[in-house]
Amino acid sequence: GVAMAALTSLVALGGLFGACLGSGAAVLAVLGLWRGREEAERSALAFAVGFGVLGWVFFWFGVANAFSAPKAWLICLVLSLGLALFRLPGSEPAIKRPLGWLERILLALLAIAFFADGLEALAPPVEADTLAYHFDLPRRFAEAGKLFFVPRALDGAIPLLVQQTYTAALLLSGGEELALTLWTFLSGWGASALMFTLARRWLDLPWALAIALLFQTLPAMLYGAGSGSIEARMAMFVLIAVFGLREFRKS
């Protein structure tokens, strides 16, 4: 029971992570933005771009009334083909040196934050907006096998891009709630990974680690990254725009 649910959720998490990395790498390669990056930057940027691609693709499958577990796995496997691009050589890595005491402290604090978020992911969701909206709608979409109109007075019919990745988690795992909470845990760290790799362009390792730690432990991130709220994940798209503006200046 519990062991099988955990195993199913972990397999689904692997499928989602691979789909994001693979599709993000493919998009960056098509745009000519893949070569010349260090592996950490490649991974963080590919995940963020692929997160958007995953939600976009599942949106159209939902519009076509085509939500099902086999099709969800097929989508993720196809998107994961882009993982082969990681075999291409990147930029020359920075000269490695032993970690100093400050870097070790910062990494330990990041590990504590990561562990705490992991505990939150193992617990059932309790945040009201997540239960009533962000997790409820994807569950209803997965059960119906399609997208359907949800009337809302304030914002109308929004595409629910981030929530489509939640629908994917449910489809891949057979409806396991643990897959949803683990996916929010993993995707909730995507913006911090991007922040770190962006900072490394100009700052030394201790400063970049400190910025990532500060960002991930902001009240908004503590509240939103571990829940179904979309803001912590939308931050990835803002940082993608920052990367894009930087590339625009030199290319």
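Is F114 buried, exposed or partly exposed? In this predicted model, F114 comes out as partly exposed, with 40% of relative accessible area. A good way into the structure is to follow this residue to its partner. The whole structure holds 13 aromatic pairs, and one of them joins F114 to F185: the ring centres sit 4.8 Å apart and the planes meet at 55 degrees, so this pair counts as tilted. Since F114 belongs to helix α4 (residues 101-122) and F185 to helix α8, the pair ties together parts that are 71 residues apart in sequence. The two partners differ in how much they show: F185 has a relative accessibility of 14% and counts as buried, whereas F114 is partly exposed. Elsewhere among the aromatic residues, F17, F47, F51, W183 and F237 come together as one cluster.

Two other residues add to the picture of α4 and α8. I105, also placed in helix α4, is partly exposed at 42% relative accessibility. In space, 10.0 Å separates the C-alpha of I105 from that of L209, although their positions lie 104 residues apart in sequence. Over in helix α8, L186 is partly exposed too, at 23%. Its C-alpha is 9.1 Å from that of D117, a residue 69 places away along the chain. Leaving aside residues up to four places away in sequence, L186 touches L13 and F17, the latter being a member of the aromatic cluster.

Next comes helix α9, which spans residues 190-199. Seven of its 10 residues are buried, so the rest of the structure largely encloses this helix. The residues in question are G190, A191, S192, L194, T197, L198 and A199. Which helices do the covering? They include α2 (39-63), α8 (177-187), α10 (205-216) and α12 (231-250).

Helix α12 tells a more one-sided story. With 20 residues, it reaches 30 Å from its first C-alpha to its last, close to the expected 28 Å. A232, R233, A235, M236, L239, F243 and E247 make up its buried set. Looking down the axis of α12, these buried residues fall within an arc of 135 degrees, so they line one face of the helix. The general geometry helps here: an α-helix has 3.6 residues a turn, so residues three or four places apart point the same way. On the other side of α12, the exposed residues are E231, V238, L245, F248 and R249. Cover for the buried residues of α12 comes from a list of helices that includes α2, α7 (161-173), α8, α9, α10 and α11 (219-224).

Helices α2 and α7 also pack against one another. Their axes are 8 Å apart and cross at an angle of about 75 degrees, which makes α2 roughly perpendicular to α7. On the α2 side, the residues that take part are F51, G52, L54, G55, W56, F58 and F59, and they meet L161, V162, Q164, T165, A168 and L171 of α7. One of these, F51, also belongs to the aromatic cluster. Further along, S173 lies in α7 as well and is buried, with a relative accessible area of 5%. Not counting residues up to four places away in sequence, S173 touches T8, A12 and A179.

A shorter stretch, helix α6 (residues 136-144), has L137, P138 and F141 as its buried residues. Around the axis they cover an arc of only 95 degrees, which puts them on the same side of α6. Helices α5 (128-134) and α7 are among the elements that cover them.

Finally, two backbone details stand out. Just after α6, G145 takes a positive phi of about 75 degrees. What sort of phi does N65 have? For N65 the value is near 55 degrees, which is positive in a residue other than glycine. N65 sits in the loop between α2 and α3 (69-80) and is partly exposed, with a relative accessible area of 48%.

Definitions and conventions. Residues numbered from 1 in each chain as written. Predicted model: local features only at pLDDT ≥ 70, side-chain atom pairs only at ≥ 80, totals over all residues. Heavy atoms only, no water. Buried < 20%, exposed > 50% of the residue type's maximum accessible area, 1.4 Å probe, protein only. Helix = DSSP H or I, 4+ residues; strand = E, 2+ residues; numbered from the N terminus. Contact = heavy atoms within 4.5 Å. Expected span 1.5 Å × (residues − 1). Arc of directions from axis to C-beta. Phe/Tyr/Trp six-rings, centres within 6.5 Å; stacked < 30°, edge-to-face > 60°. Axes fitted to C-alpha atoms, helices over the stretch in contact; angles between N-to-C directions. Parallel < 35°, antiparallel > 145°, perpendicular 65-115°, else oblique.
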